[in-house]
Amino acid sequence: MCHAIKRLFYEQGVSPAIYELDEDPRGKEMEWALVRLGCSNPSVPAVFVGGNLVGSANTVMTLHLNGSLKKLLKDAGALWL
């Protein structure tokens, strides 16, 4: 699902900051921070827009399908169109 979400953002014209927890030396710290934010297990990918936790891939896809994702990205300054 991580690949699908990255591709979705790139196709929207967004260049996301991506942190691969399994490749980052601070991955375990980030994982615990996600748990404290309410991500169970934690859910991967955990998607943030404008510094706010949006949720998992399912949430992002739902926002995309109902048309809310573009507005969210625009409001965060991540998308210019």
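Among the elements of the chain, which has the lowest mean pLDDT and which the highest? Helix α2 has the lowest, at 90. Helix α4 (residues 68–75) has the highest, at 96. The model is predicted. Its chain averages a pLDDT of 91, and 96% of the residues score at least 70. Where pLDDT is low, the predicted coordinates should not be read in detail.

**Largest pocket**

The largest pocket has a volume of about 710 Å³. It is lined by 28 residues. Closest to its centre are Ala 17, Ile 18, Tyr 19, Ala 46 and Val 47. Three elements give two or more residues to this lining: α1 (2–11), α2 (27–36) and β1 (47–49). Of the elements, α1 gives the most, with four residues.

The table sets out the lining by class.

| Class | Residues in the lining of the largest pocket |
|---|---|
| Nonpolar | 21 residues |
| Polar | four residues |
| Charged | three residues |

**Packing of α1 and α3**

Helix α1 also packs with helix α3 (residues 57–65). The angle is about 30°, and the axes lie 10 Å apart. The crossing of α1 past α3 is left-handed.

Which residues make the contact? From α1 come Ile 5, Leu 8 and Phe 9. From α3 come Ala 57, Val 60, Met 61 and His 64. By class, this contact has six nonpolar residues and one polar. Charged residues are absent from the contact of α1 with α3. The lining of the largest pocket, by contrast, includes three charged residues.

Terms used:
Residues are numbered from 1 along each chain as its sequence is written. This is a predicted model: local features need pLDDT of at least 70, side-chain atom pairs count only at pLDDT 80 or more; totals for chains, interfaces and linings use all residues. Side-chain values use heavy atoms; hydrogens and water are left out. On a 1 Å grid over the protein atoms alone, a cavity is a set of points where a 1.4 Å probe fits but cannot get out, and a pocket is an open set with protein on both sides within 12 Å along at least five of seven lines; lining residues have an atom within 4 Å of a point. Grid points are joined across faces, edges and corners, and a volume is the space filled by probe spheres set on the points. Ala, Val, Leu, Ile, Met, Phe, Trp, Tyr, Cys and Pro count as nonpolar, Asp, Glu, Lys and Arg as charged, and the others, Gly among them, as polar. Axes are lines fitted to C-alpha atoms, for helices over the stretch in contact, and angles run from 0 to 180 degrees between N-to-C directions. A crossing is left-handed if the near helix is turned anticlockwise from the far one by less than a right angle, and right-handed if clockwise. Contact means heavy atoms within 4.5 Å. pLDDT is the predictor's confidence in each residue, from 0 to 100.
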